[in-house]
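User: I am new to this structure and would like to learn how its strands are assigned to one another. Please set each conclusion against the rule behind it.

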Amino acid sequence: MAVPWKVLQSVTTGDGVLELRQRGERDFLITANGLVLMNSSLHRSEVALGEVACGHLKDAAAPRVLVGGLGMAITLRAVLDQLPETAKVLVAELNPVVLQWCRGPLAPLTNGAADDPRVEVEIANVADVIRRSAMNNNRFDAIVLDLYTGPHARTDKIMDPLYGEIAIEMSKGALKPGGVFAVWGENYDQGFDKRLRQAGFSVTCDRPGRGGLRHVVFLARLASRPEPGPGPRPKRSPRR
């Protein structure tokens, strides 16, 4: 007989009722209005997201990383495992109760990732944090988005606050040369891939896992230095 889920906490938010449920010692769900947002036993793509986003930063001097969405902190743990002790990781999370859960009952899942001394959590919309960073020229080595709604075919191609053309340009402006923009999605979205390439990113996509529904990780990388322009035209000798 299946062990029933126990509701540890239920909180009403602007987006509906958010619940943390537990079944057994390490089996957790986060639900919104009864729909499952996250499952602690199914996280292969979240781990892959953190690894591919930050694996190149293992030997960096003092890398800065922005993570959008805390969730169960599984992606955050994967990010931290790739980074040196000198790294700084800013996490943007909308709901303060999620931070409480990650520092409380969910902490053993990630060895206390949310309390790692390299981590700062800001209760904010990650789109606002990206915009602020781009405007202030306060750039990151990597931006990692692990949000419930990833890019999809119905995404507004221009105005979507995270995956539209304007938002992609803003993320580009918030990255250092050679920086990485890594995004989790439920499925591959050709439109998002195309918008990333049009913005000047080189893009690869991966589907971690085996069989069944396999989520996608978009990895978009900027060139290490800006591409050279055509340069000034040579001056013509004046006619005589």
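**Strand pairing**

Analyst: In this predicted model, Val 180 has Arg 221 in S11 as its bridge partner.

User: What makes strand S9 and strand S11 a pair?

Analyst: Two strands pair if DSSP finds at least two bridges between them. Strand S9 (residues 175-185) and strand S11 (residues 216-221) are joined by 6 bridges, in the antiparallel sense; therefore they meet the cut-off of at least two bridges.

User: Which sheet holds these strands, and why are S7 and S10 called edge strands?

Analyst: The open sheet has 7 strands in the order S7-S6-S5-S8-S9-S11-S10, with mixed pairing. Strand S7 (119-123) and strand S10 (202-206) are its edge strands because each pairs on one side only. From one strand to the next, the twist averages 15°.

User: How do you know that helix H1 touches the sheet?

Analyst: Contact requires heavy atoms within 4.5 Å. Helix H1 (residues 44-54) packs on the sheet and touches strand S5 (64-68), strand S8 (140-145), S9 and S11. The direction of H1 makes about 170° with that of S9.

User: What makes S1 and S2 a pair, and how many residues lie between them?

Analyst: Strand S1 (residues 6-13) and strand S2 (residues 16-22) share 7 antiparallel bridges, so the requirement of at least two is met. Val 11 stands opposite Leu 18 in S2. The two strands form a hairpin with 2 residues between them.

User: How do you know that S2 also pairs with S3?

Analyst: S2 and strand S3 (residues 28-32) run antiparallel and are joined by 5 bridges, so the same cut-off of at least two is satisfied. Arg 21 stands opposite Leu 29 in S3. This hairpin has 5 residues between the strands, and Gly 24 takes a positive phi near 85°.

Definitions and conventions:
Residues numbered from 1 in each chain as written. Predicted model: local features only at pLDDT ≥ 70, side-chain atom pairs only at ≥ 80, totals over all residues. Heavy atoms only, no water. Helix = DSSP H or I, 4+ residues; strand = E, 2+ residues; numbered from the N terminus. Axes fitted to C-alpha atoms, helices over the stretch in contact; angles between N-to-C directions.
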